[in-house]
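This report introduces a protein structure to a reader who has not met it before. Please keep the sequence and the model in view while reading.

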Amino acid sequence: TIKGRCHGSVKAPMADGHVEVAKLRLPDGVQMATLNADLAASSGKATLRALVDGLRIPGAQPQLLTDSPLKIAASMRLDEAARPLDLVASHRLFSLSAQAETAGMAAGRQNATLELRLLNLGALASLAGQNVKGSALVKAQVKGDGETTHVALDASAALAVGTESWSAAVGDRATLQLSGALTDKVITLGSAKFTGRAVSLAASG
């Protein structure tokens, strides 16, 4: 079911709409039991609020996200040259907050930041066959000029010491700082540093 109305200019539309879809299947194998979304635009700002239930993803554990709804809230300033986007997504396993300038993306220009909180590492680590309990916080910044994309990442984890061979060395606190650059032909490491209870590793390009 799709309901809505829209009028006005591209930079300052006046719109509202509602979408309800059941048993949605996307070409890449993603499936949703239900999708409910509301879209609104006024005074140069567009907003989206969506709720996805029964989300199935491709891979070894398609039901990883099924048992809890995925909530999405996004807004964009259509009347600003950079067309800034704010995005928030939340699930039982994670929460994501991201900001990006979307105007230059078609030309390969990027300017974005994100903060990802992994609330239950156990469910995610099982995908790699690891027995890990705890949580993690990942912060990243991406900047690109159309030719080179620069990435900076800062991650930290609070872990329960387990039975994995590396668990005692890493301990209950681990951090990772990483920076680098990417082009169509090469990936360049700027710097990397990993720190745990009894191990510390560093590298530079």
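The text below passes from the protein as a whole to its salt bridges and then to two individual residues.

**Overall picture**

The model described here is predicted. The protein contains two helices and 13 strands. Along the principal axes, its C-alpha atoms fill a box of roughly 60 × 40 × 30 Å. Of the 205 residues in the protein, 25% are buried.

The accessible surface of the protein amounts to about 12,700 Å², and carbon and sulfur atoms account for 58% of that surface. Among the contacts with a separation of 6 or more, 34% are made by residues 24 or more positions apart. The protein carries 21 positive and 17 negative charges, and the mean positions of these two sets are 3 Å apart.

**Salt bridges**

How many salt bridges does a search of the whole structure find? The search finds three salt bridges, and the table lists the partners with the distance between N and O atoms.

| Positive partner | Negative partner | N to O distance |
|---|---|---|
| Arg92 | Asp67 | 3.2 Å |
| Arg77 | Asp79 | 2.8 Å |
| Arg117 | Glu115 | 3.5 Å |

In the table, the side chains of Arg92 and Asp67 meet in a salt bridge, and this pair links distant parts of the chain, 25 residues apart. Arg92 belongs to the loop between strand S6 (84–90) and strand S7 (94–101), while Asp67 belongs to the loop between S4 and S5. Asp67 counts as exposed because its relative accessible area of 56% is over 50%. Arg92 has a relative accessible area of 40% and is partly exposed.

In the salt bridge between Arg77 and Asp79, Arg77 is partly exposed at 26% relative accessibility. Its partner Asp79 is partly exposed as well, with a value of 41%.

In the salt bridge between Arg117 and Glu115, Arg117 has a relative accessibility of 38% and counts as partly exposed. Glu115, at 27% relative accessibility, is also partly exposed.

**Ser68**

Ser68 is placed in the loop between strand S4 (45–53) and strand S5 (70–77). Is this residue, Ser68, buried or exposed? The relative accessible area of Ser68 is 13%, which is under 20%, and therefore Ser68 is classed as buried. When residues up to four places away in sequence are not counted, Ser68 touches His91 and Arg92. Arg92 is thus a residue that touches Ser68 and also a partner of Asp67 in a salt bridge.

**Gln130**

Gln130 lies in the loop between helix H1 (121–125) and strand S9 (133–145). With a relative accessible area of 29%, Gln130 is partly exposed, because that value falls between the cut-offs of 20% and 50%.

Which residues are in contact with Gln130, leaving aside its neighbours within four places in sequence? They are Ala125, Glu164 and Trp166. A separate value relates Gln130 to Leu78: the two are 52 residues apart in sequence, and their C-alpha atoms are 44 Å apart in space.

Key:
Residues are numbered from 1 along each chain as its sequence is written. This is a predicted model: local features need pLDDT of at least 70, side-chain atom pairs count only at pLDDT 80 or more; totals for chains, interfaces and linings use all residues. Side-chain values use heavy atoms; hydrogens and water are left out. Helices (H or I, at least four residues) and strands (E, at least two) are DSSP runs, numbered from the N terminus. Buried means under 20% relative accessible area, exposed over 50%, partly exposed in between (1.4 Å probe, protein chains only). Contact means heavy atoms within 4.5 Å. A salt bridge is a side-chain nitrogen of Lys or Arg within 4 Å of a carboxyl oxygen of Asp or Glu. Accessible areas come from the Shrake-Rupley method with a 1.4 Å probe; for residues, only the protein chains shown count as cover. Lys and Arg count as positive and Asp and Glu as negative; His and the chain ends are not counted. The place of a charge is taken as NZ of Lys, CZ of Arg, CG of Asp or CD of Glu.
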